[in-house]
Amino acid sequence: MSKHVLLIEDEPNIIEAISFILSREGLAVETHSDGTTANEKLRGAHPDLLILDVMLPGKSGYDILRELRADPATAALPVLMLTARGQSRDREMAEREGVSAFMSKPFANSEMLDTVRSLLNGPPGNA
Amino acid sequence: MTGAREMLNTLVAVCIAYALFLFAIAFAAERIAAHGQARWLRSPAVYTLSLSIYCTAWTFYGAVGSAVRSGFEYMAIYLGPSLVLIGWWWILRKLVRIGRSQRITSVADLVSSRYGKSNLLAVGVTILAVIGTTPYIALQLQSVTLSFEAFSAGEILPAAEKGHTALWVAAGLALFTVIFGTRNLDANERHNGVVMAIAVEAVVKLFALLAVGVFVVWGLGGGLTETLARIDASELGHWRIDGGRWAGVVLLSAAAFLCLPRIFQVLVVENDNETHLRTASWAFPLYLGLMSLFVVPIAVIGLDLLPEGSNPDLFVLTLPLSQGQGGLAVLSFLGGFSSATSMVIVAAIALSTMVSNHVVMPLWLRFAEPGATVSGDVRGVVLLARRLSIIGVVMLGYLYYRLSGGGEALATIGFVSFAGVAQVLPAMLGGIFWRGASKAGAVSGLILGFLAWNYTLFLPSFGAGVLMPEAWFSSGPFGLEFLRPQAMFGLVDMDPLLHAFFWSMSLNTGAFIFVSLFSFPQPLERLQGAQFVNVFEHSTGPRSWTGNVAQSEDLMIMAQRILGARDAQDLFEREAERQGGRGPLPDVTPHFLETLERELAGSVGAATAHAMVGQIVGGMSVSVEDLMAVADETAQMMEYSARLETQSQELARTAAQLREANAKLTRLSVQKDAFLSQISHELRTPMTSIRAFSEILRDTTGLRAAEKTKYASIIHDEAIRLTRLLDDLLDLSVLENGQVNLNLRRGVLSDVLDRAVAAAAADEAGRRLEIRRDRDAEQIVLHTDLDRLSQVFINLIANARKYCDAPQPRLEIRVRAGARLAIDFTDNGTGVASEAQDVIFEKFSRVSDQKAGGAGLGLAICRQIVTRLGGDITYVPGRGGASFRVSLPADLAIAAQ
């Protein structure tokens, strides 16, 4: 059974690019682009991995992350965070909220694939 | 008649016993005060009772006589002071405050001190007071003698014996006053013994009069109703007073109350607590009311019972005597005796202070060898002068009594005296309420008033032909009829007393005001004037000395001689400490000299103290140069403090500016972070797509041709987006730095709008925004940078196209020419939320959250451009849709052709 990835991102071209890369690896990619409804979408989708953009319309990625970590159903979900701001402060903030991996835009496609694979195969070190 | 002789002997014994009693009380009071337990001695009750020296033998005996002669007139004499205490309480309070802050020792000192510490004025007022008071003292001696005589029951005493009585009384009073009136040199300190003794006497006289009254009403008159009926039956019961004279007497007694030296002594000089005035303001009128309660009954019953021709001035005494009430008569005698003695004692203290401070001391200073203030024993001189003055004043009264031979109507002398001292009133009231009052004015008023009083009242009071030729009364001096002393300038039918009061006060006040208005006060006068008039604002003295040559030691020696060694050393130590304790003796600063002078003034009066310090410091009076120096110094200090203040204000301002700058920097730093973060985001987002798709194109095998094309065009679009963003950023940077060159051209607004609409109304997909315009209103010729203006319009139209959320998007462009040219762009969408309206012109703010390809720089650029063009761009709320107004100054527009 193919792994299921939920991508929350608002830039159409980036959605298309990431979807393309992951689909070719045999992953099922579902997308969503509104911050305010992201957590509801997440509860319905039961993904194996969440890719989350920081700057989303309506609600920031940090808030979404904090809420999903507070929910027992999603507390252990691997989360990869993407940001276009790329300042160290953003990384620290994401780590404080309990992110699994952090990546700044633009990224290399191979780097994206590696990270997604390692997150899907369990926590680092267990793999 | 041996009975009468025995009675007289008893009376003498009673008198001596009573005198000893008063001495004992005075001693006791001094002892208690010396032990610092004088709190009750200084109670408002004692203060109020001491005021009762207003009620002299004249009022004690004379009120009944006055009632017999002119009905209720005696009430006017009580009404005047009552009105002063009740209604003019604030004047008294000001007097007391001035008296305490300036250490005033007498009426003369007050006037002198106010008008530049003028000794001339002090001497003038002193003379006036002596002339006005001497007959009054004579009157007291006479009343004591007369009352003695009443006990002799018809036996005519030899004239020599009469004189002896008066002499003994005078000597006794002088002794008492010398002992208790000059215990302390500082006239400003309370004479506890004297005050206590006169308070006791006040009780005695009230008690005596009430006792006689009760005896008369219930013992002789047959009860209250019976007595009232008898009053009604007698002609006294009828109101037969001339209204004018009545009002005049009220006024006169009110004026005298403020000016009489003895009243001033107890009211101001002996006062040690302003709040006592509050009690006195109701208690003293009450006392006067009680004093006047039985006057009419005694007069009526006296007229009924005593033989025709009895002296009504002695009814208080003769009525109980005639009824065989020896004890009551003695009590009554003691009442009259108390009234007489208390008046003489206080008047002697008050007058002796004036005479010694303003006449004897200045003379002594003038004739003693130079530097006498340093080497001579001034303290002894002052005390001696004071004591001799007391004896002199009392003896003057005695002499007056002997020479005048004792007038019949006591009350007349009283009024003459009242009118005399009242001459001080204009200078006094003017001095404490009017800063314009000048010394020249005060002197002129006093002299004129004094002359008028002498001419119209004092000299005529001795009787026609005594001191003034008889002919003057009937036909005026040298036949000048309009100068008749009791009918000046045609005031023929006026009561002589009123006539004199009217003329003396009118001339006095008139001259005072007139001369004051036309004379220029001396510098010291102006300083003192401000001190007096504004006593409640500042109770400190003026700095009237520049002490640069005086030696502290000299001042110390002099102060010791006047104040006594202990007090002087205390004062100097206190001052040295206040100055910062650089040595045992204080520096001779103006402030120190001023303090010292005020301390000395308490002992020897302001003018003398000023003169004595002047002898040592150099310069008998304050010169204009001194004052200028003081003024300079003050001005320098004020300037310096103003400069300090300015500096501290500047510091505060700088600190505030720094705080502001810091806040601004912090704000800027936050803005810069936000800006960088925004820029990063705006640049990285298209970059991400470009990189991702270019890697896909490079690394992915087997892509279909359509996919390749699609991904390549995404890369292309994103590259354009990046370029546009960079263009915008550069544009904004140029605009913000003011480096832009405006390309001013002439053109018509509608053409500019046409171009903007053509460029922005349709998107790439060909969707068009419906635009409504009124071309007629757009026919306005502009002289501005048309390309930049067009850029603004394009931005606004494009925004409407991108963000208007109506199903049929429509934009209305309306042009209104007025004071400013306004171009409104209003769409039919939902508009901008009110909380967002403030920030839409900021960089990177987007009107909505929907991604629409813009970086959020458009409106920021628009605002920069319009500002450069001299106009502004605003969001117009409440128009339904989003509405932007570009307004430009009218001078860009040239009226439509």
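Trainee: Which residue does the UniProt annotation "modified residue: 4-aspartylphosphate" cover?
Mentor: This is a predicted model, and the annotation itself comes from an unreviewed UniProt entry rather than from the coordinates. Within the model, the residue in question has its place in strand 3 of chain A. The residue that the record covers is A:Asp53.

Trainee: Is A:Asp53 buried or exposed?
Mentor: A residue counts as buried if 20 or more other C-beta atoms lie within 10 Å of its own. For A:Asp53 there are 25 other C-beta atoms within 10 Å, and therefore A:Asp53 is buried.

Trainee: Which residues is A:Asp53 in contact with, leaving aside its neighbours within four places in sequence?
Mentor: One of these contacts, A:Gly61, is also among the buried residues of helix 3 of chain A, which spans residues 61-70. With the sequence neighbours set aside, the contacts of A:Asp53 are A:Ile8, A:Glu9, A:Asp10, A:Gly61 and A:Leu82.

Trainee: Why are the buried residues of helix 3 of chain A on the same side?
Mentor: The buried residues of this helix are A:Gly61, A:Ile64, A:Leu65 and A:Leu68. What covers them includes helix 2, strand 3 and strand 4 of chain A. They lie on the same side of helix 3 of chain A because the arc that they cover around the axis is only 100°.

Trainee: Which element of chain B gives the most to the side that touches chain A?
Mentor: The contact takes 18 residues from chain B and 18 residues from chain A. On the side of chain B, the elements that give two or more residues are helix 29 (624-699) and helix 30 (705-736). The most, with 14 residues, comes from helix 29 of chain B.

Conventions. Residues numbered from 1 in each chain as written. Chains lettered and ligands numbered in written order. Predicted model: local features only at pLDDT ≥ 70, side-chain atom pairs only at ≥ 80, totals over all residues. Buried ≥ 20, exposed ≤ 12 C-beta atoms within 10 Å, placed from the backbone. Helix = DSSP H or I, 4+ residues; strand = E, 2+ residues; numbered from the N terminus. Arc of directions from axis to C-beta. Contact = placed C-beta atoms within 7 Å. UniProt positions renumbered as here; feature names shortened; annotations may be inferred.
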